[in-house]
Amino acid sequence: MKRAKLLILQALVMVVFLAVWHLVTTTSLFGDVKTTQFFFSTPGAVLSRTWTQLTGGEIYWHLGITLTETVLAFVIGSAAGILFGFTFARNELLAAVFDPYIKAANALPRVVLAPIFALWFGLGIWSKVALGFTLVFFIVFFNVYQGVREVSPTVLANARMLGMNERQLFRHVYWPSALTWMFSSLHTSVGFALVGAVVGEYLGSSAGLGYKIHEAESVFDVTGVFSGMLILAMFVIAIDSVVTMVEKRLLVWRPGQSSTTV
Amino acid sequence: MKRAKLLILQALVMVVFLAVWHLVTTTSLFGDVKTTQFFFSTPGAVLSRTWTQLTGGEIYWHLGITLTETVLAFVIGSAAGILFGFTFARNELLAAVFDPYIKAANALPRVVLAPIFALWFGLGIWSKVALGFTLVFFIVFFNVYQGVREVSPTVLANARMLGMNERQLFRHVYWPSALTWMFSSLHTSVGFALVGAVVGEYLGSSAGLGYKIHEAESVFDVTGVFSGMLILAMFVIAIDSVVTMVEKRLLVWRPGQSSTTV
Amino acid sequence: QNAEKPKLTLGVGGKQLLYYLPLTVAEKKGFFKEQGLDVEINDFGGGAKSLQALVGGSVDVVTGAYEHTIRMQAKGQDIRAVVELGRFPGITIAVRKDLADKIKSAADFKGLKIGVTAPGSSTALTAQYAMIKAGLKASDAPIIGVGAGASAVAAMKQKQVDIISHLDPVTSKLEADGDVVALIDTRTEAGTKALFGGSNPAAVLYLKHDFAEKNPVTTQKLVNAFVKSLKWLETAKPEDVADLVPAEYHLGDKPLYLRAVKNSLESYSRTGISTPDAMKSMYDALKLLDPELASSNVDLSKTFIDSFAKKASSGS
Amino acid sequence: MELANRLHLDAGQDLSSPQAGTPPAVTLGGLDITFHLEGGSRYQAVTGIDLSVAAGEFVSVVGPTGCGKSTLLNAAAGLLTPSAGTVTIFGQPLAGLNRRAGYLFQADALMPWKTALDNVKVALEPMGVSDAEADRRARDWLARVGLRAFVDRYPHMLSGGQRKRVALAQMLIRDPEILLMDEPFGPLDAQTRQIMGNLLLDLWSRDRKALIFVTHDLEEAIALSDRVVVMSAGPAAGIVADYRVPLPRPRDIAEIRLEKAFHEIHRDIWVSLRVEVQKAYAMGEGKELVGGAGA
Amino acid sequence: MELANRLHLDAGQDLSSPQAGTPPAVTLGGLDITFHLEGGSRYQAVTGIDLSVAAGEFVSVVGPTGCGKSTLLNAAAGLLTPSAGTVTIFGQPLAGLNRRAGYLFQADALMPWKTALDNVKVALEPMGVSDAEADRRARDWLARVGLRAFVDRYPHMLSGGQRKRVALAQMLIRDPEILLMDEPFGPLDAQTRQIMGNLLLDLWSRDRKALIFVTHDLEEAIALSDRVVVMSAGPAAGIVADYRVPLPRPRDIAEIRLEKAFHEIHRDIWVSLRVEVQKAYAMGEGKELVGGAGA
Ligand SMILES: Nc1ncnc2c1ncn2[C@@H]1O[C@H](COP(=O)(O)OP(=O)(O)OP(=O)(O)O)[C@@H](O)[C@H]1O
Ligand SMILES: Nc1ncnc2c1ncn2[C@@H]1O[C@H](COP(=O)(O)OP(=O)(O)OP(=O)(O)O)[C@@H](O)[C@H]1O
Ligand SMILES: [Mg+2]
Ligand SMILES: [Mg+2]
């Protein structure tokens with residue numbers, strides 16, 4: 001019942017959005033129709049193009065490549081973020097020494113780094129993975145770092161008194177305690193992994209969704225650009241729901257928002 | 001004493017980094033010197049160029065523009081992230097309905113959106129602010145959202161029993177409780193605000209650090225590119241230390257990592 | 001007579017590229033000021049972005065590829081060129097050194113990886129056009145976007161691509177380092193003739209038609225400035241150019257820059273006026289390559305207003 | 001005795017409320033509370049709870065650990081919606097939070113980001129008290145609970161008993177009509193307990209507050225209250241006995257323990273409680289049924 | 001009496017340790033603990049603490065709330081480095097954590113992400129016990145503290161007293177040589193307290209464990225321990241008295257309260273404690289000095 005209501009509301013939002021889009025691009029209320037269509041295409045055109053693409057076979061090849069890059073960037077980036085986050089949080093000196101460098105590295109515009117990645121990793125998927133990695137890593141890193149430091153002092157003291165060594169503390173205390181933080185960052189970084197992959201493809205590649213979008217953009221095919229982004233969006237929702245599922249499983253122990261009676 | 005040691009260690013890291021860089025680019029151990037210099041310049045050249053730029057006056061004009069964009073993107077982005085984060089966390093239905101759309105929006109490659117921002121906000125600083133905004137907003141949003149939901153149920157129940165209304169709960173419970181989360185996200189988003197500004201400039205503008213970097217890049221002036229990035233890095237460390245100062249002030253109440261005796 | 005709009009914004013996708021040298025010359029030589037114009041130059045990440053800025057109204061005029069005006073006319077956007085800056089495309093198709101003895105012409109491209117600035121861009125189209133002319137299909141070789149700058153050099157040096165269809169300074173850099181051998185060189189008249197059968201408009205100054213109609217004086221003054229810089233380039237030596245542009249433009253390697261300028265000098269337009277033949281040759285090439293344009297019917301006289309350039313040439 | 005007490009439950013209102021006719025402050029009618037557990041099973045914590053507390057009445061609740069005392073207070077506070085039954089506050093059915101009640105939680109509930117003083121001050125903000133006035137009153141209250149020297153400490157710098165006293169001040173400063181207190185004196189030493197107990201009695205006797213007081217200290221329960229309610233062991237705990245304390249007021253809680261009537265009622269309650277605790281222990285240990293947990 | 005007790009402090013070791021010659025399990029020598037406060041001021045919690053607990057000795061610590069009992073245990077556990085003085089464990093100066101001790105914290109310290117069973121099981125992991133064996137023993141221990149039916153509950157689904165008992169099982173299952181317990185039976189009802197007390201005595205008497213037991217329940221302290229140490233009010237709290245409990249072992253904690261010796265010692269300690277509590281209260285309220293807080 002509740003689920004149905006939610007879906008209806010979500011659909012409603014979508015319909016309103018499409019209606020506004022349609023209105024803007026097909027009536028001259030908001031300026032010259034030709035110009036608005038040059039930038040925004042029309043929802044009808046975008047949807048029908050998307051449909052054509054999804055029913056054709058070619059897009060899946062590109063999607064597959066982008067998916068591979070995204071998943072790799074996400075997995076490697078979060079793994080490294082988690083690893084470094086934990087290491088730094090557990091080693092104050094290390095954290096203090098590297099703090100300014102990490103902050104600085106996080107601020108480097110990735111687009112500028114693309115040639116260097118291309119040099120190091122070639123034009124294949126790995127340079128895109130590297131780009132996605134630089135986005136995912138920092139988000140996860142900062143959150144895990146904070147998450148570890150947020151561990152309740154009493155729970156930690158208790159675990160230490162139980163004789164746990166560093167590895168056991170990690171498994172039984174730091175890790176579960178940082179999980180909430182991690183998942184919050186993972187929701188952001190799923191998106192950023194995809195952005196990294198697509199931007200990487202956009203800057204130099206031979207396949208992938210970003211390549212398709214760039215191709216469309218070069219010939220001023222806005223419909224193609226938007227339909228590419230639409231496919232991308234559907235895609236990220238799918239990946240994110242996997243993250244949410246894992247999250248739900250791992251965080252069963254948490255008290256609900258309100259007390260639960262029947 | 002401890003501070004001095006830290007500074008020495010930080011300097012050491014820097015020196016090692018520069019030494020490696022120097023070694024790679026000036027000896028033929030790692031391939032042809034000309035080629036490596038074409039891609040990586042040399043630390044000496046980059047430092048001297050940076051010095052020239054910083055002592056000359058022109059760079060400050062560009063820096064000023066980038067700073068304005070970064071600060072605006074950061075402030076507006078975090079403000080909106082905080083606002084929406086709180087609103088959504090307090091309104092389950094809203095959050096559930098918009099959840100997929102927010103996730104999808106977060107995954108759109110900003111590079112592709114640049115022309116649209118230029119259309120809406122012109123070529124001045126506002127289109128760059130918009131780009132930075134789209135990066136900052138989501139990071140802050142997800143963290144604030146999670147931060148609000150992490151409020152201790154007992155503390156919340158107590159505050160409600162004290163008769164607090166929604167506004168007072170916000171001020172006395174949600175806000176302070178979400179602060180840690182917020183600051184963790186702000187550290188990431190300072191960097192991203194700058195990335196947004198620079199990438200925006202890189203994609204189209206007539207001034208700013210990103211413009212300078214783009215200019216240098218298209219004439220293979222790697223030295224210029226790296227010196228631009230160096231200035232950028234110094235810059236973000238400065239902004240971030242302001243954030244850290246504010247954080248320290250606002251989070252005095254937290255128990256230290258270890259119990260503090262004299 | 002005063003300009004209607006003395007302050008205007010100009011868009012360009014990569015100002016430092018030799019492709020757009022006439023713009024830098026006009027700026028540095030003060031030709032805009034001479035005409036009483038205050039031109040703010042906005043640099044974009046690519047030609048497509050500067051065109052979008054023009055359509056969106058963020059800039060008044062653009063120095064970009066002539067091809068854009070045809071595409072825009074096909075989409076119903078009345079965008080017209082007013083002065084030609086480059087008469088040859090300036091694109092070089094080169095093959096990697098170690099393959100040079102096997103690959104002699106576009107007919108041998110089958111199955112090789114071709115690096116271009118971006119899929120769908122003019123470098124890509126030129127490469128595909130060459131293949132079609134040599135009897136292959138456009139899809140016979142994978143097209144790889146390698147970007148505009150150092151990443152393109154990296155791609156070739158790392159043997160990520162076999163063929164590169166690119167612009168200066170990338171081409172000159174690769175040539176100077178001995179990494180590639182040029183097969184088709186549209187920087188020269190001979191090369192362009194060989195591929196397209198005639199000259200082929202490249203960089204132009206284009207704008208929205210109503211802008212030209214509303215601001216005829218401003219447009220005229222702009223064109224005057226550009227024609228003047230074309231005239232200057234006609235007689236300039238590479239060293240003159242190198243002295244004029246900021247030192248950062250020298251690619252960190254002045255001999256390389258001089259070489260690149262020398263290679264390119266021939267490609268700049270002399271009069272600022274494009275011939276209908278040249279325009280038609282461009283359109284035909286596009287029709288061949290782009291399915292969207294294949295069925296289009298663009299009136300080429302609407303893509304270029306030559307009256308301003310004619311007046312400028314006769315005036316000076 | 002058992003039967004008499006059960007009967008008293010029904011007649012309770014008239015007997016206990018000093019002013020018959022006004023509705024009781026809190027009435028729990030046929031309350032059932034069942035918790036959902038992971039994996040779909042349920043745990044019925046309490047069942048069929050009927051309890052009425054008149055305005056001006058001091059009722060203590062005792063019972064074996066885990067029987068459902070806190071759950072009961074949560075229901076009275078409106079923090080927990082009962083699965084069945086009604087909660088009535090001054091004759092009005094309770095919807096949402098009980099705005100006329102103050103609640104002292106069993107667990108730490110101070111805002112960790114506020115000093116002791118601010119934690120107490122903030123309780124006055126919803127009432128629109130001016131800042132200066134709130135400051136003065138908060139300092140006064142902290143002094144009354146013996147914490148004048150600790151006003152500027154954050155909760156993590158206070159001992160367990162000090163935190164509890166801050167929470168006490170935070171609750172009492174608002175002067176609510178109904179006081180729900182869950183082991184308020186647990187982490188305090190016997191002496192401080194008496195001081196706090198007297199403080200509480202003082203306050204309670206001044207105007208007709210209703211007080212539900214959960215404690216494990218039977219002597220304290222008897223010394224302070226008008227009625228002592230004994231709960232049975234869970235699951236599905238109920239009220240098994242309801243004793244009226246036949247001691248005159250005003251009382252001095254230190255002295256009253258020496259009276260004979262005190263000892264008698266103490267022994268009575270002790271016996272009925274002991275049975276329940278042993279039952280609870282047996283259940284928890286699983287010697288009898290692992291009861292109700294899978295209903 | 002007072003004097004005798006003070007003297008006993010020095011001679012304590014020989015008298016109290018059943019096997020003279022072996023070093024005492026815990027020795028605190030001249031312990032000073034001062035906390036840094038915001039803004040540079042300091043708070044001296046305890047000063048000049050000398051306390052020695054022999055192996056096999058059961059020592060209770062009582063004192064007014066906020067005097068420094070938890071602080072003392074923290075120092076003995078190695079969680080807090082004293083500002084001055086030494087902590088010696090079985091003759092070895094303590095550096096870092098006290099690995100031979102188990103600590104039952106005053107505050108909730110269970111891992112909220114583990115069920116009761118897992119919380120207890122995990123205590124065996126550092127000892128390398130196999131999973132199956134750990135499971136068996138953890139279930140057994142949970143049954144002994146009366147929680148057989150609650151093994152699969154997460155801490156937030158347990159009542160305060162149930163959580164405390166899980167923590168108790170978690171600590172006892174490791175069978176440490178030194179037990180540090182901070183108000184372990186606080187949130188338990190009197191009956192359960194006795195059951196747990198007997199459980200603890202059982203365990204303690206089996207092998208020569210040293211036990212430091214903080215409580216507010218004086219009767220409990222006397223019933224369980226060999227010595228009762230009374231602390232003075234803070235700031236700068238110290239040990240003011242150290243009573244030996246002259247009751248024979250083994251004891252039944254329910255029965256022992258009826259003995260005469262029990263009442264005598266209870267009265268003695270009560271008096272000395274009362275003085276301290278009143279002092280503490282006066283200080284906290286600021287009637288005397290706001291003492292030491294700005295030293
Ligand atoms: N959220 C919950 N989910 C499931 N069971 C719960 C939950 N909260 C409480 N319980 C169970 O309900 C019963 C009553 O809990 P409650 O906290 O009311 O006990 P109590 O009488 O306050 O005990 P104590 O004296 O130990 O505080 C307990 O058995 C407990 O395990
Ligand atoms: N981190 C800290 N910073 C400053 N003062 C502290 C800190 N921890 C404890 N104190 C102070 O030290 C004193 C002793 O605290 P402690 O927790 O040891 O008391 P306690 O005897 O255990 O009291 P209770 O019986 O209430 O638990 C208290 O006055 C407390 O305010
Ligand atoms: Mg309870
Ligand atoms: Mg304590």
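**View 1. D:Gln106 and the magnesium ion of ligand 3.** Start with D:Gln106, which is partly exposed at a relative accessible area of 24%; buried would mean under 20%, exposed over 50%, and partly exposed anything in between, using a 1.4 Å probe and the protein chains only. This is a predicted model, where local features need pLDDT of at least 70 and side-chain atom pairs count only at pLDDT 80 or more, while totals for chains, interfaces and linings use all residues. Residues are numbered from 1 along each chain as its sequence is written, chains are lettered from A and ligands numbered from 1 in the order in which they are written, and side-chain values use heavy atoms, with hydrogens and water left out. Now for the metal: D:Ser70 (OG) and D:Gln106 (OE1) coordinate the magnesium ion (ligand 3) at 1.9 to 2.1 Å. D:Ser70 belongs to helix H2 (residues 69–77) of chain D, but D:Gln106 sits in the loop between strand E6 (101–104) and helix H3 (116–121) of that chain, so the pair ties together parts 36 residues apart in sequence. Helices (H or I, at least four residues) and strands (E, at least two) are DSSP runs, numbered from the N terminus. Donors are N, O and S atoms within 2.8 Å of the metal (3.2 Å for Na, K and Ca), and water is not among the atoms, so sites may look incomplete.

**View 2. The magnesium ion of ligand 4, held in chain E.** Here the magnesium ion (ligand 4) is coordinated by E:Ser70 (OG) and E:Gln106 (OE1), again at 1.9 to 2.1 Å. These two residues are 36 apart and link distant parts of the chain: E:Ser70 is in helix H2 (residues 69–77) of chain E, and E:Gln106 is in the loop between strand E6 (101–104) and helix H3 (116–121) of chain E. E:Ser70 is partly exposed, at a relative accessible area of 22%. E:Gln106 also counts as partly exposed, at 22%.

**View 3. Ligand 2, sitting between chains D and E.** Count the neighbours and you get 23 residues around ligand 2, the closest being D:Ser159, E:Lys69, E:Ser70, E:Thr71 and E:Gln106; a residue is near a molecule if one of its heavy atoms lies within 4 Å of it. Look for the polar contacts too (pairs of N or O atoms within 3.5 Å). In one, an N or O atom in the side chain of D:Ser159 is 2.7 Å from an oxygen atom of ligand 2. In another, a polar side-chain atom of E:Thr65 comes within reach of a ligand 2 oxygen at 2.9 Å. E:Cys67 uses its backbone instead, with an N or O atom 3.3 Å from an oxygen atom of ligand 2. On its own, ligand 2 would expose 640 Å², and the protein buries 94% of that (areas by the Shrake-Rupley method with a 1.4 Å probe). The elements that give two or more residues to this shell are helix H5 (160–172) of chain D, plus strand E2 (42–53) and H2 of chain E.

**View 4. Two arginines over two tyrosines, swapped between chains D and E.** The charged end of D:Arg153 sits over the ring of E:Tyr43, 4.4 Å from its centre. Going the other way, E:Arg153 puts its charged end over the ring of D:Tyr43, also 4.4 Å from the centre. To count as sitting over a ring, NZ of Lys or CZ of Arg must be within 6 Å of the ring centre and within 35 degrees of the ring normal.

**View 5. Aromatic rings in chain A.** The structure holds 43 aromatic pairs over all chains. One of them joins A:Phe17 and A:Trp21, a tilted pair at 6.0 Å centre to centre with 55 degrees between the planes. Rings of Phe, Tyr and Trp (its six-membered ring) pair if their centres lie within 6.5 Å; planes under 30 degrees apart are stacked, over 60 edge-to-face, and the rest tilted. A:Phe17 and A:Trp21 are four residues apart in helix H1 (residues 2–26) of chain A, about one helical turn. A:Phe17 is exposed, at 51%, whereas A:Trp21 is buried, at 17%. A:Trp21 also makes a tilted pair with A:Phe226, at 5.8 Å and 55 degrees. That second pair spans 205 residues, from helix H1 to helix H11 (residues 222–250) of chain A. A:Phe226 is buried, at 15%.

**View 6. Helix H6 of chain A, largely enclosed by the rest of the structure.** Of the 12 residues of helix H6 (residues 110–121), 10 are buried, including A:Arg110, A:Val111 and A:Phe117. After H6(A) comes A:Gly122, whose phi is positive, near 80 degrees.

How values were computed: A polar contact is a pair of N or O atoms within 3.5 Å; within protein, one must be able to donate a hydrogen and the other to accept it, and residues adjacent in sequence count only if both atoms are side-chain atoms.
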